[in-house]
Amino acid sequence: MDAKVSKKNLNWAELGFQYHKTDYRFSAVHRDGQWSEGALVSDEMISVHEGAPTLHYAQQCFEGMKAQTAEDGRVLLFRPELNSQRMNDAAGRLLMPEVPQDLFLRGVEEAVRANYAWIPPYGSGASLYVRPMLIGVGENLGLKPAREFEFRVFVSPVGPYYQQQGLALISLAVSEMDRAAPRGTGSYKVGANYAGGLMATRKAQELGANEALYLDAAQGRYIDEAGSANIIIAMDNNTLVTPDSRAILPSITRRSLMDIAARQMQMKTEQRPVDLRGEFAEFREMAACGTAAVLSPVGRIWFDNDWHVVNGDGQSVGPVMQELYDRLTGIQNGERADEFGWLHEVEL
Ligand SMILES: Cc1ncc(COP(=O)(O)O)c(C=O)c1O
C-alpha cells in the first residue's frame, strides 16, 4: 500500500446511503463473443446508444457488496464469490454473457484498491459500497438481446441504509402491489424488479414505515421479502425461520445469518413458507437483512389497515437479533474469528 495515500476528509459518521463520486471505476466490454481485459477509468458517465436494450427492456443486472477496513488496516470483502455467482445466474436468465469470476473479482478489487482514500476507516460505522453491474449496450431496437455489453464496477462510501447508526428498529408496511411473480425474475438481481417497487416503497413511507414488505403474489399470504432485504424471524423453541419463496432474492447476508444461527448459536433453522397473519402471534423477533440493511430488527408491521407490534413493546432489540448482528458484523469487520472462511482480503 502506498502510505502516502491519505484518507479523504469526509465526515464518515454522518454519511447516509448516497452516491459519492470516487476517483476510479472499472470497466470491461463484451464484443464479438469476447471480454476485453478491462481497465480503470475516471469518467463516472457512461455513454450508451439511445437504442440500447438496457434502456428500453431493462436488459441489465447488478450486485451490491461492501468493503470494510479492519482494525489492523486490512480491507475486507464479504463472500464476493457469491455475488459473482448470483450475477452470472441473472446474466443467464436475461441472455447476457457471464462475467468470468476472475474478471468479476479483479474488477471489484481494482475499483476498491484504486479508491483506497475513500474507504471509510475502521470504527467509523461507514463502509465502501461496491456496485458491479452488467448492461446491454449498443443499438438494438427490436426485442432481442444486445450484442454488446459493459461490465462496470463503481464504489461509494456509505453510511447506514435506514438513516440510523448501529442496531435500530425499523417498521415495514405490507404492500398492496406485488414485487415479483412466482415464476418471474424475483430471484435475480435485475433492475426490472426494482422500478416497480419504487411506488411500493413510497407508499410504505407515506404510512410512516421505512420500507415495503411483500407477500407472495399468488395468494397474498406468505412473506416474500422487503424492498431491499430478506426477512428472518426468531420463533419460540430456539428456532430461526426464513421464508422459502422462489420469487425472492437469495440474500447472501441471510444465508450467512442462518449459518451463524445453526453453527454458532445452536439454533434450529428452517426455510419454509411463513404465513404472515396465521403466524404473526408466534413471532418473537423479526429482522430485515441484506448488504445495505445489514440486520435491521423490525418493531412493527402495517397490514390489514393497522400497525402490528412484533412481540412486546416494538421498541427494544431482542437478544437473538442482537447476537446475530454482533456475530455477523464482527466477522465482517475482522473483529471476530472468520471460522467459516467468508472474508476476502483486498491486497493493497
Ligand atoms: C430485493 C433484495 N432482497 C434482498 C437483498 C439482500 O441481499 P444480500 O444480502 O445479498 O445483499 C437485496 C440486496 O441487498 C435486495 O435488493
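How do the residues of the shell around the ligand divide into nonpolar, polar and charged? In this predicted model, the shell holds 4 nonpolar, 7 polar and 2 charged residues.

**The ligand.** Begin by selecting the ligand and the 13 residues that surround it. The closest of these are Ser251, Ile252, Thr253, Gly290 and Thr291. Next, highlight helix α6, residues 252-263, which supplies the largest share of the shell, 3 residues.

**The two domains.** Colour residues 12-159 as domain 1 and residues 170-332 as domain 2, following the domain assignment of the protein. Their centres, taken over C-alpha atoms, are separated by 26 Å. The contact between them takes 20 residues from domain 1 and 11 residues from domain 2. On the domain 1 side, select β4 (60-62), β5 (65-69), β6 (75-78) and α2 (80-93), the elements that each give two or more residues to the side touching domain 2. Of these, α2 provides the largest share, 6 residues. That side of domain 1 comprises 10 nonpolar, 4 polar and 6 charged residues.

**The nonpolar cores.** Now turn to the largest nonpolar core, which has 48 residues. Within this core, Leu257, Ala288, Leu295, Val298 and Leu324 touch the most other members. Helix α8, residues 319-332, contributes the largest share of the core, 6 residues. Centre the view on Ala288: leaving aside residues up to four places away in sequence, Ala288 touches Ile170, Glu211, Ala226, Ala229, Ile231, Ala293, Ser296 and Val298. Finally, select Ala111, Trp118, Ile119 and Tyr129, which are among the 39 residues of a second, separate core. In soluble globular proteins, nonpolar side chains tend to be buried together.

Key: Residues are numbered from 1 along each chain as its sequence is written. This is a predicted model: local features need pLDDT of at least 70, side-chain atom pairs count only at pLDDT 80 or more; totals for chains, interfaces and linings use all residues. A residue is near a molecule or strand if its C-beta atom, placed from the backbone, lies within 6 Å of it. Helices (H or I, at least four residues) and strands (E, at least two) are DSSP runs, numbered from the N terminus. Ala, Val, Leu, Ile, Met, Phe, Trp, Tyr, Cys and Pro count as nonpolar, Asp, Glu, Lys and Arg as charged, and the others, Gly among them, as polar. Domain bounds come from an automatic or database domain assignment. Two residues are in contact if their C-beta atoms, placed from the backbone, lie within 7 Å. A nonpolar core is a set of buried Ala, Val, Leu, Ile, Met, Phe, Trp, Tyr and Cys residues joined through C-beta atoms within 7 Å. A residue is buried if 20 or more other C-beta atoms lie within 10 Å of its own, exposed if 12 or fewer, and partly exposed in between; C-beta atoms are placed from the backbone.
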